[in-house]
Amino acid sequence: MSTTTKEPLPVRFAVYITLLVIVVLTFIPLYWMVVAASLPQEEFFTLPPRLLPGSHFFENLAALEERFPYLRSVWNSVFVATVYTVISVFLCALAGFAFAKYEFKYREPLFYFILATLVLPVQIMVIPMYLLMAQFGLLDTHIALILPFLANPVGIFLMRQSMQSIPDSWLDAARIDGASEFQIFYRVALPAMKPMLAALAVILFISQWNAFLYPLVILESEELFTIPLAIERLTGHHRIYFDQIMTAASIAIIPMIVLFLWLQEHFVRGFTNSM
């Protein structure tokens, strides 16, 4: 007979207060960014600071668009991150399924070799990838941003660990029913992995959305710039356009919030199940 014990009231109260403080401290910079995006630049450093939104958001957005085609950069980021996430999640799920459910030569060494690539920082891979994309004639294209990172080691690891929880009897039953190996993967394994697929999609989307160094090296045409490169262009040599930077940053977080709200249930469940 199992009994459930609850924490004493003072302990729970302290936990709730701590969590509330963390939430407030996390929310304050985000709120100030939104407020600053609606202020003219001359009000940025006034004391006491403005705590309520102003009415200059659309003026700041118009000035931003006049200085740089920022909304085009938003579309570029949405396109690159979405295409990358969809393809990478599928490939990582395929690799994870193979490592978890199939026996083949050098399976374990190959898996640990993939994990070992996690210790390589992006900085040391930029030049080799630049030379490789140059040989393929893909410089200054969005394909060059997507292609090199599709086989994501973190994604393969997460999917392999999750796929191991699928009973082998499910796969054997599908084989007896005449399903092909791909049908087993697509109709048995993937539906069982929805929470982890959602968690992985959020992780990969964020990583591509925030990428800066590699796109900075690969892209030259401003019409192909992603959001981080566009925001970097707002810091001039003689003046920093704080109002436009805050406006651009406020717009940049909208797709991330929408994605997380859309997948939050599966995202939380995926990480809960993996613990």
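How many nonpolar, polar and charged residues does the lining of the second largest pocket have? I started there, working on a predicted model.

**Entry 1: second largest pocket**

I found twelve nonpolar residues, two polar ones and no charged ones in that lining. The second largest pocket holds about 330 Å³ of space. I listed the 14 residues that line this pocket and noted T85, V86, V89, A201 and L263 as the closest to its centre. I then sorted the lining by element: α3, α10 and α13 (242-274) each give two or more residues. The most come from α3, with six residues.

**Entry 2: largest pocket**

I next looked up the largest pocket, which has a volume of about 630 Å³. I counted 23 lining residues, and Y84, V122, M125, F149 and N152 lie nearest the centre. Two or more residues of the lining come from each of α5, α7 (153-163), α10 and α11 (213-218). Here I put α10 down as the element that gives the most, with four residues. By class I recorded 19 nonpolar, four polar and no charged residues for the lining of the largest pocket.

**Entry 3: enclosed space**

I searched the whole structure for cavities of 30 Å³ or more, and one turned up. I have the volume of the largest cavity as about 40 Å³. I wrote down its lining as S77, V80, A81, L145, Q208, W209, A211, P215 and T226. At least two of the lining residues come from α3 (70-101), and at least two from α10. I credit α3 with the most, three residues. The classes in the cavity lining are six nonpolar, three polar and no charged.

**Entry 4: helix α10**

α10 gives residues to the linings of the largest pocket, the second largest pocket and the largest cavity, and I looked it up separately. I have α10 as residues 194-209, 16 in number. From first C-alpha to last I get 22 Å, close to the 22 Å expected at 1.5 Å a residue. Is α10 mostly covered or mostly uncovered? I found it mostly covered, with twelve of the 16 residues buried. Among the buried residues I note M196, L197 and L200, which come up again in the next entry. Q208 and W209, both on the buried list of α10, also line the largest cavity.

**Entry 5: nonpolar core**

I looked up the largest nonpolar core and got 64 residues, with Y70, M159 and M163 having the most contacts inside it. The largest share of this core is from α3, at twelve residues. Which residues does M159 touch, not counting those up to four places away in sequence? I listed C92, A93, G96, M193, M196, L197 and L200. As background I note that nonpolar side chains tend to be buried together in soluble globular proteins.

**Entry 6: backbone angles**

I checked for positive phi outside glycine. Most residues other than glycine have a negative phi. Y106 has phi near 65 degrees and sits in the loop between α3 and α4 (107-116). I also looked up how accessible Y106 is: exposed, with a relative accessible area of 55%. D140, also not a glycine, has a positive phi of about 60 degrees. I place D140 in the loop between α5 (122-135) and α6 (143-146).

Technical notes. Residues are numbered from 1 along each chain as its sequence is written. This is a predicted model: local features need pLDDT of at least 70, side-chain atom pairs count only at pLDDT 80 or more; totals for chains, interfaces and linings use all residues. Side-chain values use heavy atoms; hydrogens and water are left out. The expected span of a helix is 1.5 Å times one less than its number of residues. Buried means under 20% relative accessible area, exposed over 50%, partly exposed in between (1.4 Å probe, protein chains only). On a 1 Å grid over the protein atoms alone, a cavity is a set of points where a 1.4 Å probe fits but cannot get out, and a pocket is an open set with protein on both sides within 12 Å along at least five of seven lines; lining residues have an atom within 4 Å of a point. Grid points are joined across faces, edges and corners, and a volume is the space filled by probe spheres set on the points. Ala, Val, Leu, Ile, Met, Phe, Trp, Tyr, Cys and Pro count as nonpolar, Asp, Glu, Lys and Arg as charged, and the others, Gly among them, as polar. A nonpolar core is a set of buried Ala, Val, Leu, Ile, Met, Phe, Trp, Tyr and Cys residues joined through side-chain atoms within 4.5 Å. Contact means heavy atoms within 4.5 Å.
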